[in-house]
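Work through these exercises with the model on screen. Try each task before you read its solution.

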Amino acid sequence: MEKLKPLQRAEDSLAKLPSVGRKSAERMAYALLDMADEDIEEFASSIKQLKSSIRKCPICGMLTDSDICEICSSKDRDQSLIMVVSFPKDVISLEKSEGYNGLYHVLNGEISLSKGIDVADLNIAALIKRIEEGNIKEIIIATNPTIDGETTALYISKLLEPYKVNVTRLAYGL
């Protein structure tokens, strides 16, 4: 017996999510069938709102539902210090530690030849603009300790050499 087309479409859509395989997508699709109509409407509405109301901060690239993110708009943070991270989830992790009070800059990716991501795909031009326009004294590079993260960190370090800013690398591997 062939699967019903709406069920197959839901499974195909769910399988596009990271870490969701075919079996998990199938279980989720059947779970959606069992949900109350109000819950399904809320679920669909939350997904639509997620995509329509969240955008990247024009200053740092972090996700926000405001014109400028909470971190960039804060006057209580050290405006001379920027930590460069690969993804928005990195900012969230670092903020949970409550040990950093500077600004962030989200690259929204890492240089990866195998994935076809190069320098032009990253939010690097905005970082240079921030350095040129602001009173930035230090850039902390906190990309992931992977080949792609290290490649990105090295590229940014070399790119920032002409600027009067200290460039440091976040330590890892204790």
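**Exercise 1: A charged pair**

Glu11 is buried, with a relative accessible area of 2%; buried means under 20%, exposed over 50%, partly exposed in between (1.4 Å probe, protein chains only). This is a predicted model: local features need pLDDT of at least 70, side-chain atom pairs count only at pLDDT 80 or more, and totals for chains, interfaces and linings use all residues. Residues are numbered from 1 along each chain as its sequence is written, and side-chain values use heavy atoms, leaving out hydrogens and water.

Task: find which residue forms a salt bridge with Glu11.

Solution. Step one: recall the cut-off, a side-chain nitrogen of Lys or Arg within 4 Å of a carboxyl oxygen of Asp or Glu. Step two: the partner is Lys3, with the closest N and O atoms 2.8 Å apart. Step three: check exposure. Lys3 is partly exposed, at 31% relative accessible area. Step four: widen the view. Lys3, Glu11 and Glu26 are linked in a network of salt bridges.

**Exercise 2: Linking two helices**

Task: state which helices hold Arg22 and Asp12.

Solution. Step one: Arg22 and Asp12 form a salt bridge, their closest N and O atoms being 2.8 Å apart. Step two: Arg22 sits in helix H2 (residues 22-34) and Asp12 in helix H1 (residues 5-14), so the pair ties together parts 10 residues apart in sequence. Helices here are DSSP runs (H or I, at least four residues), numbered from the N terminus. Step three: Arg22 is partly exposed, at 43% relative accessible area. Asp12 is also partly exposed, at 32%.

How values were computed:
Helix = DSSP H or I, 4+ residues; strand = E, 2+ residues; numbered from the N terminus.
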